[in-house]
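This report describes the fold, the cores and several individual positions of one protein chain. The sequence and the model come next.

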Amino acid sequence: MAKERGQKVIASNRKARHDYEILDTYECGIVLVGTEVKSLRIGRASLVDAFGTVDDGEVWLRGLHIAEYEMGTWTNHEPRRRRKLLLHKGEILKLIGKTKESGLSLVPLSMYFKDGKVKVELALARGKRAYDKRQTLAKRTAEREMVKAVGRARKRGGGW
């Protein structure tokens, strides 16, 4: 069988970028059992309620939902079990120091296959307040309007 190349996204947490200010990102491996990988290959995962924790010097991903594999037997996995994330020791120590700061949390942004292995993009993030979200939306809308205005001006052929 040919070895897989490239990157294929399984699931992404689009709401995380809206709800959190991303400070730093890490690419992590994840410890899975066979039926979980088979379920991920058909795209059956959800990062909506997932979050990361640091317990006893190890990083864990909790709340990740990987649906049971339909062809699985009695050895099928539990859909919402906690899963260990694989990081270098230096990265783990840095995360321990940062998560002790108030208001910082570990949020998974996406899950993907990279050269046949499952990876998780984990972000160190700070929660946004409601007014921060409104400011971000207003800024995005203003930028979109400027691009439209420039496009209309170019289409007319007129200068400024």
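A residue counts as buried when its relative accessible area is under 20%, as exposed when that area is over 50%, and as partly exposed in between. By this criterion, 31% of the 160 residues of the protein are buried. The structure is a predicted model.

**Overall form**

The protein contains 4 helices and 9 strands. Read from the N terminus, their order is β-α-β-α-β-β-β-β-β-α-β-β-α. The protein is more spread out than a compact globule, because its radius of gyration is 20 Å, well over the 15 Å that the globule rule gives for 160 residues. Along the principal axes, the C-alpha atoms fill a box of roughly 70 × 45 × 25 Å.

Among contacts with a separation of 6 or more, 68% join residues that are 24 or more positions apart. The accessible surface of the protein is about 10,600 Å², and carbon and sulfur atoms account for 51% of it. The charged side chains comprise 35 positive and 20 negative ones, and the centres of these two sets are 6 Å apart.

**Nonpolar cores**

The largest nonpolar core is made of 26 residues, and Ile30, Leu40 and Met111 have the most contacts inside it. Two or more residues of this core come from each of β1 (7-12), β2 (20-30), β5 (58-62), α3 (89-99), β8 (104-114) and β9 (117-127). Beyond its neighbours within four places in sequence, Leu40 is in contact with Ile10, Leu32, Ala45, Ile66, Met111, Phe113 and Val118. There is also a second, separate core of 5 residues, with Ala16, Val107, Ala123 and Ala125 among them.

Cys28 is part of strand β2. The residue counts as buried because its relative accessible area is 1%, under the 20% limit. When residues up to four places away in sequence are left out, Cys28 touches Leu85, Leu86, Leu87, Val118, Lys119, Val120 and Leu122.

**Pairs distant in sequence**

The table gives C-alpha to C-alpha distances for four pairs of residues, set beside their separation in sequence.

| Pair | Separation in sequence | Distance in space |
|---|---|---|
| Lys128 and Ile22 | 106 residues | 9.8 Å |
| Cys28 and His88 | 60 residues | 8.9 Å |
| Lys89 and Gly57 | 32 residues | 8.6 Å |
| Ser102 and Ser46 | 56 residues | 27 Å |

Lys128 is located in the loop between β9 and α4 (130-156). Not counting residues up to four places away in sequence, Lys128 touches Arg17, His18, Asp19, Tyr20, Glu21, Lys133 and Thr136.

Lys89 belongs to helix α3, one of the elements that give two or more residues to the largest core. Lys89 itself is exposed, with a relative accessible area of 54%. Ser102 sits in the loop between α3 and β8. With a relative accessibility of 69%, Ser102 also counts as exposed.

**Positive phi angles**

Most residues other than glycine have a negative phi. Which sign does phi take in Asp56 and in Asp115? In Asp56, phi is near 50 degrees, a positive value in a residue other than glycine. Asp115 is not a glycine either, and its phi is positive at about 55 degrees.

Both residues lie in loops: Asp56 in the loop between β4 (51-55) and β5, and Asp115 in the loop between β8 and β9. Their accessibility classes follow from the cut-offs given above. Asp56 has a relative accessibility of 81% and therefore counts as exposed. Asp115 has a relative accessibility of 33%, so this residue counts as partly exposed. The strands on either side of the Asp115 loop, β8 and β9, are both listed among the elements that give two or more residues to the largest core.

Conventions
Residues numbered from 1 in each chain as written. Predicted model: local features only at pLDDT ≥ 70, side-chain atom pairs only at ≥ 80, totals over all residues. Heavy atoms only, no water. Rg over C-alpha atoms; globule rule 2.2 N^0.38 Å. Buried < 20%, exposed > 50% of the residue type's maximum accessible area, 1.4 Å probe, protein only. Contact = heavy atoms within 4.5 Å. Areas by Shrake-Rupley, 256 points an atom, 1.4 Å probe, with all protein chains shown as cover. Lys, Arg positive; Asp, Glu negative; His and termini not counted. Charge placed at Lys NZ, Arg CZ, Asp CG, Glu CD. Core = buried A, V, L, I, M, F, W, Y, C linked by side-chain atoms within 4.5 Å.
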